[in-house]
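Please walk through the following structure, beginning at its ligand and ending with two unusual points in the backbone.

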Amino acid sequence: MAEPGFARTRAEACARLAAFVPRAGRAYAARRNLDEGPGRRTTVSELSPAIRRRLITEEEVARAAVAAHGLASSEKFVAEVCWRSYWRGWLEQRPQAWQRFVSGVAQAEQRLAREPALAATYADAISSRTGIDCFDAWVGELEATGYLHNHARMSFASIWIFTLRLPWELGAAFFFRHLLDACPASNTLSWRWVAGLQTVGKTYLASAETIRRVSGGRFRVEAPLATQAPPLPAEPPVPLVPLPAPPAPDPELATGLWITTEDLSPETIGLPPIAAIAAVDGIGGDPAPLKRAHADAGLADACARASAHWQAPVTRLPEPDVEAGLVAWATASRLRQVVTPHAPVGPVADRVATAARALAEAGIALVPVMRQWDRAAWPHARKGFFAFRPQIARLVA
Ligand SMILES: Cc1cc2nc3c(=O)[nH]c(=O)nc-3n(C[C@H](O)[C@H](O)[C@H](O)COP(=O)(O)OP(=O)(O)OC[C@H]3O[C@@H](n4cnc5c(N)ncnc54)[C@H](O)[C@@H]3O)c2cc1C
């Protein structure tokens, strides 16, 4: 049986997957929208915090479902897992969407300082004081657990944008601070989708009747919700850039491994022999304590597994002087190259880029290694999910 709560180690993630697999077939397709509430969910896997940091990979999760049910019966579950791969591939090729989000948050925060009415609505929203029962409960659940069901996330974002008329970037930033599975791609692009920016002109309008139904009657939703969801003003298309094509690590060189919270199962990637391991304490930004603790626990677990796998010592480097710490560690360990699982667009990727420059100045190459799954999936994520979907059978084959 899986332990209660969200998986914090690879062993817990594998146990949670094994416990959920019997429900990943037609039962998932039929019931996944039902949100039974915190501590009671049976219709969805609650694996996202583990998948997001690759305590367990999309490939492992999808293959386990297909092995148990066949692709036809597990197609819905596997497609949801692949939405994550799709979003990541899309953002990897359109990083400007992330940069626009980051600058959008800064602009929205300036508006809060200038517009007292907006600031009051925002303060009410993030303090469970809107009077919209479901919304106020979801804020409490998010803060208490770091998780919301997918349907709650969709309705939350819709109410935030169209009923409360708050800037979408502030809502996405609030999610990003609290969600254990906070992902630059899935979070930013899902908020853009609700707002009508991702699939241009298509928005998501939350409905009281649907919320009552999918919450199994837990919410009454008597406060009025917006009855229309006009798309936010269109923005210029996000430019497409080529996917990164990092060189393979040189197996002849003395090699260190830098584990980041982007991939906590490095021993499953197929890396060259590793002589020394480093990990940075902390995940940057301003995470909620629960999110930080979850990431820390996963990182500690990954370091222990990697150390046992390669019989290599682990050095924990303190924030904030990550670059100097990495250079000192790599130099003291006499490394010629450092490999790190490829970090997709987001704060960790920014940190990796800065560290690569510092290590290069010390004559040490930092080599990001992409998983085969990402290499196979991402090139097909240039357009909509409809165009990506036919690749799913090939991916899990
Ligand atoms: C506004 C909004 C913000 C979101 N932010 C995030 C986020 O930061 N991180 C994140 O992982 N997901 C995000 N999602 C997607 C989705 O809500 C969660 O992945 C899902 O609720 C996780 O619960 P679960 O593990 O029980 O999912 P299950 O239904 O059991 O699905 C299995 C796995 O498939 C993936 N998945 C399922 N649905 C989606 C989806 N719609 N998009 C992408 N991947 C999906 C997840 O990895 C999930 O663990 C967001 C959705 C919305 C509408």
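How do the residues of the shell around the ligand divide into nonpolar, polar and charged? They comprise 16 nonpolar, six polar and five charged residues, where Ala, Val, Leu, Ile, Met, Phe, Trp, Tyr, Cys and Pro count as nonpolar, Asp, Glu, Lys and Arg as charged, and the others, Gly among them, as polar. The model is predicted, so that local features need pLDDT of at least 70 and side-chain atom pairs count only at pLDDT 80 or more, while totals for chains, interfaces and linings use all residues. Residues are numbered from 1 along each chain as its sequence is written, and side-chain values use heavy atoms, with hydrogens and water left out.

Of the 27 residues around the ligand (a residue is near a molecule if one of its heavy atoms lies within 4 Å of it), Y28, S45, E46, Y147 and N150 come nearest. N150 also places a polar side-chain atom 2.7 Å from an oxygen atom of the ligand, and R153 has a polar side-chain atom 3.4 Å from an oxygen atom of the ligand; a polar contact here is a pair of N or O atoms within 3.5 Å. On E80, a side-chain N or O atom lies 3.1 Å from a nitrogen atom of the ligand. The protein buries 96% of the 820 Å² that the ligand exposes when taken alone, with accessible areas from the Shrake-Rupley method and a 1.4 Å probe.

Helices α3 (48-52), α4 (58-93), α8 (150-163) and α10 (184-195) each supply at least two residues of this shell, and α4 gives the most, with six residues; helices are DSSP runs of H or I with at least four residues, strands are runs of E with at least two, and both are numbered from the N terminus. Domain 1 (10-93 + 378-396) and domain 2 (96-214) each contribute at least three residues to the shell, the bounds coming from an automatic or database domain assignment.

Elsewhere, five strands form an open parallel sheet in the order β3-β2-β1-β4-β5, two strands being paired if DSSP finds at least two bridges between them. Because β3 (314-317) and β5 (365-369) stand at the edges with a single partner strand each, one side of each is left without a neighbour in the sheet. Strand β2 (residues 276-280) pairs with β3 in the parallel sense over four bridges, and V280 has L317 of β3 as its bridge partner.

Most residues other than glycine have a negative phi, and most peptide bonds are trans. R54, in the loop between α3 and α4, is not a glycine yet has a positive phi of about 55°. A cis peptide bond, with omega about 0°, joins E319 and P320, and P320 lies in the loop between β3 and α13 (322-332).

Technical notes:
A polar contact is a pair of N or O atoms within 3.5 Å; within protein, one must be able to donate a hydrogen and the other to accept it, and residues adjacent in sequence count only if both atoms are side-chain atoms.
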